[in-house]
Amino acid sequence: MKHAKLALMVVMCLLAGCSTTSKTTTQKTVRAYNGTASVGDFLTISIDSSTLMITYKNYTNGETGTVPYVVNSDGTYTITDPNGNLLSAYEVPGTALMVEAANAGTLQNTKALITAVESAPASINTFAGGNFNYIQFRTSTGGIEIGTVSVDSSGNITHGGYWPFGVISQGNMFNSGYFPASSVTEDASGNFFVINENDGSQDTVFGTQNGLFAVDTGAGAILSQPKASSKSFVASNAGTYKAVYYEKSNAQMGQNNAESGTPAEGQATVTVGSGGTVTITDSNNTQMASGTLQAIADTSYIYDGTQNTLSDPLYGMFTFRTSGSVQQDVFVTFESGAIIFSSFQTAMPLQQNAPYTYFYGVGMK
């Protein structure tokens, strides 16, 4: 987590869809955010730029604090937290905030990145009638998932996902579900709502008025965006992106869904060609992935128009697979100058309960 000090305008494009210029010139002295961590924590965070203080509350594990920070020359924040929890951050004032946390999770002992967006009105009606793609970032159970979400005009929610880890855990890579509008509880603040699941767990949903949103779940963070109008790769997305990523290598599932493995985080460069070629390299110039993007809609093992795969072609989301002694699946989507990527890989031939490696991240051009 020591490498998280990257000037990442992540959710500005992902979840807010507005420019830094207009936000910067009208920024408030005190700015409020809602946040989710890939380990599954929900937080509220406020920043007072006049006193250089950050106040946070983790609703999942009870951690709270009001801590000072300093602004570095590269725009990142160094945070002095007596509890050793919040370490560094980058803010697009009044829009988005990325925070490096050391003591996240139920036991207050897990490293994680917190993705936060400006606290703003958001209810189930904000997203009613919409269709969305999503990527889920976890720190367990295979790390990643992609899928589709639709909300009808009454607020009923239908979702379906593709879970690469399923190929070595139980042979089932697809899942689906339904939440009736009656399962939704609006928060009194009007800034988020809760989905009450059948098993007693709760998912907290917050986002923006233009249909982009995040979901904090017990299994990690979900980032969601409206579907594109076409399955085709858009050449204007070509370019070089600077990114930050989370990785867990040699992971393996144990009892009670405990996941072993070696977690790490670092900076990466993602190069996207005009024809959809993608190369991801870490800060040591070691190649993490390379291939040519293919629309999910044209990837028969994920979507083939039948009931055996995803129910939706996920326009705007892409993938590629490399095979050999290791099979690697990479998933990519774009949003207003940002790239969101994830990868899952395991040795071939496939074996149940085999070790695996995954990573995910977000970058800016």
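User: Two strands count as paired if DSSP finds at least two bridges between them. With that in mind, which residue in S17 stands opposite Ile-135?

Analyst: Happy to help! This is a predicted model, where local features need pLDDT of at least 70, side-chain atom pairs count only at pLDDT 80 or more, and totals for chains, interfaces and linings use all residues. Residues are numbered from 1 along each chain as its sequence is written, and side-chain values use heavy atoms, leaving out hydrogens and water. Strands S9 (residues 131–137) and S17 (residues 220–226) pair in the antiparallel sense over 6 bridges, and opposite Ile-135 in S17 stands Leu-223.

User: Which edge strands does the open sheet holding S9 and S17 have?

Analyst: The sheet has 9 strands in the order S12-S11-S10-S9-S17-S16-S15-S14-S13, with antiparallel pairing. Each edge strand pairs on one side only, and these are S12 (174–179) and S13 (184–186).

User: What does the twist of that sheet average from one strand to the next?

Analyst: The sheet in question is the open one with antiparallel pairing. From one strand to the next, its twist averages 25°.

User: Which residue takes a positive phi in the hairpin of S23 and S24?

Analyst: S23 pairs antiparallel with S24 (residues 326–335) over 6 bridges, and Arg-321 has Asp-329 in S24 as its bridge partner. The hairpin has 3 residues between the strands. The one with a positive phi, near 160°, is Gly-324.

User: Lovely. What percentage of the residues in the protein is buried?

Analyst: The protein has 4 helices and 26 strands. Of its 365 residues, the buried ones (under 20% relative accessible area, 1.4 Å probe, protein chains only) make up 53%.

Key. Helix = DSSP H or I, 4+ residues; strand = E, 2+ residues; numbered from the N terminus. Buried < 20%, exposed > 50% of the residue type's maximum accessible area, 1.4 Å probe, protein only. Axes fitted to C-alpha atoms, helices over the stretch in contact; angles between N-to-C directions.
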